[in-house]
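Trainee: I should be grateful for a close look at one part of this structure, with each term explained.

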Amino acid sequence: MSAPPPSHSAAAGAYQCPAELLRDHAARHGVDPGRLPPELRDDLALAAGCAAGSEVAWEHFFRTYRPFLDHVALRLARNAADAEDLAS
């Protein structure tokens, strides 16, 4: 059974990346945030915050994506104890 990735609506609005940080991150990766759909802009903002070391961004990332990360870890490890170690 496969777990779907989290919905983008779960990520929307919870983490607000500073505009300058988002612009710098997007420029480094050759992305124009204005051309992205809102859900991908939210993901880009979250990635920018995580890359910059924002504790708030990392907390949001793990809160949003933890179920999906747990699922992937379980598929890789094939047992709950090892999967828990992988996902931590």
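Mentor: What follows concerns two helices and the aromatic rings beside their contact. This is a predicted model, in which local features need pLDDT of at least 70 and side-chain atom pairs count only at pLDDT 80 or more, while totals for chains, interfaces and linings use all residues. Residues are numbered from 1 along each chain as its sequence is written, and side-chain values use heavy atoms, with hydrogens and water left out.

Helix α3 spans residues 38–51 and helix α4 residues 55–77; helices are DSSP runs (H or I, at least four residues), numbered from the N terminus. Their axes come within 8 Å and cross at roughly 130 degrees. Axes are lines fitted to C-alpha atoms over the stretch in contact, and angles run from 0 to 180 degrees between N-to-C directions. That crossing makes α3 oblique to α4, because angles under 35 degrees count as roughly parallel, over 145 as roughly antiparallel, 65 to 115 as roughly perpendicular and the rest as oblique.

In the contact (heavy atoms within 4.5 Å), D43, L46, G49 and C50 of α3 meet A57, W58, H60, F61 and Y65 of α4.

W58 and F61 both lie in α4, 3 residues apart, about one turn of the helix. The structure holds 4 aromatic pairs (ring centres of Phe, Tyr and Trp, its six-membered ring, within 6.5 Å; planes under 30 degrees apart are stacked, over 60 edge-to-face, the rest tilted). W58 and F61 form an edge-to-face pair, 5.6 Å centre to centre with 80 degrees between the planes. W58, F61, F62 and Y65 form one aromatic cluster.

Key
Helix = DSSP H or I, 4+ residues; strand = E, 2+ residues; numbered from the N terminus.
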